[in-house]
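This report covers a single protein chain. It goes from the cysteines to the fold, the sheet and the core.

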Amino acid sequence: MMITNLEELHSCLSTDALHYEKRTSGRLKRIRNSLGVDPISNQKNIWNYIKTLRYVEFYTNRHKTWEIPLLIYYRCKLNRLAYKTGFQIPPNVVGPGLTIWHWGTIIINERTRIGKNVVLNPLVVIGHKTPGGGCPIIGDDCFIGCGAKIFGDIRIGNHVTIAPNAVVVKNVPDGMTVGGIPAKSLK
């Protein structure tokens, strides 16, 4: 999905915010929720990363000369948050409804395409098998478990669950649960 206007940006952010109630509620509630949480389950920096990613997508896709300083600002902020959280998610790769529950390394190739309402866990790597090779296309409403690796020019269907530490190198049809090395159907 390419965010090109304010309505699309607000729609995407509101869809992303559904799982970050503690970060998107009123100021007093946000402050209360920030007290006494451990760094790994603290959603503040994760939500800031996702929100900044959407602003980078918005300003990248608009191509307005007068907005270049805003694009530079949000890119710098995204880089700073990437170092903090360990996320390397390029702009215009993931659809609305992105959910990340914990900090940890998440690396996604810029040519990958991921649908809406996807849950990513730490230590996920999604990319090509060989330099210049094809990248995965992942459908909507997928859950990708901790440590999962998805490589190659493959298609992952809608409503797919990828088990923790699975290595997916072949196409996965809709509604499947896969796990193992290499990943096989578990249902």
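Is Cys135 buried or exposed? In this predicted model, Cys135 has a relative accessible area of 7%. The cut-off for buried is under 20%, so Cys135 is buried. Cys142 also counts as buried, because its relative accessibility is 2%. The number of disulfides comes to 0.

**Overall make-up**

The protein chain has 187 residues, and 46% of them count as buried. Its secondary structure consists of 5 helices and 14 strands. About 9900 Å² of the chain is exposed, with 58% of that area supplied by carbon and sulfur atoms. Of the contacts between residues at least 6 apart in sequence, 35% join residues at least 24 apart.

**The parallel sheet**

An open sheet is formed by 5 strands in the order S1-S3-S6-S9-S12, with parallel pairing. Strand S1 (87–88) and strand S12 (167–168) are the edge strands, each pairing on one side only. The table lists pairings within this sheet, with a bridge partner pair for each.

| Strand pair | Sense | Bridges | Bridge partners |
|---|---|---|---|
| S1 and S3 | parallel | 2 bridges | Phe87 and Ile106 |
| S3 and S6 | parallel | 3 bridges | Ile108 and Ile126 |
| S6 and S9 | parallel | 3 bridges | Ile126 and Ile150 |

Ile126 of S6 thus appears in two rows: Ile126 is the bridge partner of Ile108, and the bridge partner of Ile126 in S9 is Ile150. Strand S9 spans residues 149–151.

**The nonpolar core**

In soluble globular proteins, nonpolar side chains tend to be buried together. Here the largest nonpolar core holds 45 residues, and the members that touch the most others are Ile89, Ile100, Ile144, Ile156 and Ile162. Helix H1 (6–16), helix H4 (44–62), helix H5 (68–85), strand S3 (106–108) and strand S6 (124–127) each give two or more residues to this core. H4 provides the largest share, with 8 residues.

Which residues does Ile144 contact beyond its neighbours within four places in sequence? They are Val118, Val119, Leu120, Asn121, Val124, Ile126, Ile138, Ile150 and Ile162. Two of these, Ile126 and Ile150, are bridge partners in the sheet, and Ile162 is listed with Ile144 among the core members that touch the most others.

**Val118**

Val118 lies in the loop between strand S4 (113–114) and strand S5 (119–120). With a relative accessibility of 0%, Val118 is buried. Apart from residues up to four places away in sequence, Val118 touches Gly97, Leu98, Thr99, Gly139, Cys142 and Ile144. Leu98 is 20 residues from Val118 along the chain, while their C-alpha atoms are 5.2 Å apart. The contact with Cys142 links Val118 to one of the buried cysteines described above.

**Helix H1**

Which residues of H1 are buried? They are Leu9, Cys12, Leu13 and Asp16. These residues lie on the same side of H1, because they cover an arc of only 95 degrees around the axis. An α-helix has 3.6 residues a turn, so residues three or four places apart point the same way. The buried residues of H1 pack against H4, the helix that gives the largest share of the core.

How values were computed: Residues numbered from 1 in each chain as written. Predicted model: local features only at pLDDT ≥ 70, side-chain atom pairs only at ≥ 80, totals over all residues. Heavy atoms only, no water. Core = buried A, V, L, I, M, F, W, Y, C linked by side-chain atoms within 4.5 Å. Buried < 20%, exposed > 50% of the residue type's maximum accessible area, 1.4 Å probe, protein only. Helix = DSSP H or I, 4+ residues; strand = E, 2+ residues; numbered from the N terminus. Contact = heavy atoms within 4.5 Å. Disulfide = S-S within 2.5 Å. Areas by Shrake-Rupley, 256 points an atom, 1.4 Å probe, with all protein chains shown as cover. Pairing = 2+ DSSP bridges. Arc of directions from axis to C-beta.
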